Amino acid sequence: MTSQSYQTVLTVPQSPEEVFEAVSNPKKWWTGDIEGSTHEVGDEFSYRYGEVHYSKQKITELVPGRKAVWQVVDSHLSSIEDPSEWTGTEITFEILQKGEQTELRFSHRGLVPEYECFDSCSGGWAFYIDGSLRRLITTGEGPSTPPWA
C-alpha cells in the first residue's frame, strides 16, 4: 500500500503564465529567509524559518506556464525525531488552463502521513499555497503573517 503524498489544488482567474511567474518567485510568497535563485533548471535556493525549518531545493524542471519541480536536497526540521524527513522529497507545481481559469496542482511527493511532520507541514503548505501564493497571484501582494509566528 502506497501512502498519498500531500497535495492541493487551487483555481484562479489569472493566466498560466502569471501563475508560473508567481510560483517561480518564492521570495514573494514565503515567509522566512530565502537565498539563491529559482529561475533556471539547476538553480538552488535555501529556505530558513528561524531555527525551526531549513531546506535546500534544486530546480529540476521548468516548463514556462506549465510546470515547476523542486527536489529537496537537504533539510533540517528541528521539532521532529528525524529532522531530515524532507530530504529526497519532490515539490511539484503543475499548471493547467481550464476554460477561463487556471488550475494549479501542487504536490509534495514523499511528504506522507507516516512522516512525523505530515500534519504540521500540511498546515504550512496550506498557508503558503492556498493563502500566500493565491494572494500573490490574485492581488500581487505577498504573504500575510503565518499562524505559527
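**Salt bridges in a predicted model**

At 34% relative accessibility, Arg-105 counts as partly exposed, a class that lies between buried, under 20% relative accessible area, and exposed, over 50%, as found with a 1.4 Å probe on protein chains only. This is a predicted model, in which local features need pLDDT of at least 70 and side-chain atom pairs count only at pLDDT 80 or more, while totals for chains, interfaces and linings use all residues. Residues are numbered from 1 along each chain as its sequence is written, and side-chain values use heavy atoms, with hydrogens and water left out.

Arg-105 forms a salt bridge with Glu-103, and the closest N and O atoms of this pair are 2.6 Å apart; the term salt bridge stands for a side-chain nitrogen of Lys or Arg within 4 Å of a carboxyl oxygen of Asp or Glu. Glu-103 has a relative accessible area of 14% and is therefore buried.

Five salt bridges are found when the whole structure is searched. One of them joins Lys-56 to Glu-44, with 3.2 Å between the closest N and O atoms. This pair links distant parts of the chain, since Lys-56 lies in strand β4 (residues 53–63) and Glu-44, twelve residues apart from Lys-56, lies in strand β3 (residues 44–49); strands are DSSP runs of E with at least two residues, numbered from the N terminus. Lys-56 is partly exposed because its relative accessibility is 29%, and Glu-44, with a relative accessible area of 33%, is partly exposed too.

A further salt bridge pairs Glu-61 with Lys-67, where the closest N and O atoms are 3.8 Å apart. Glu-61, at 30% relative accessibility, counts as partly exposed.

Conventions:
Helices (H or I, at least four residues) and strands (E, at least two) are DSSP runs, numbered from the N terminus.
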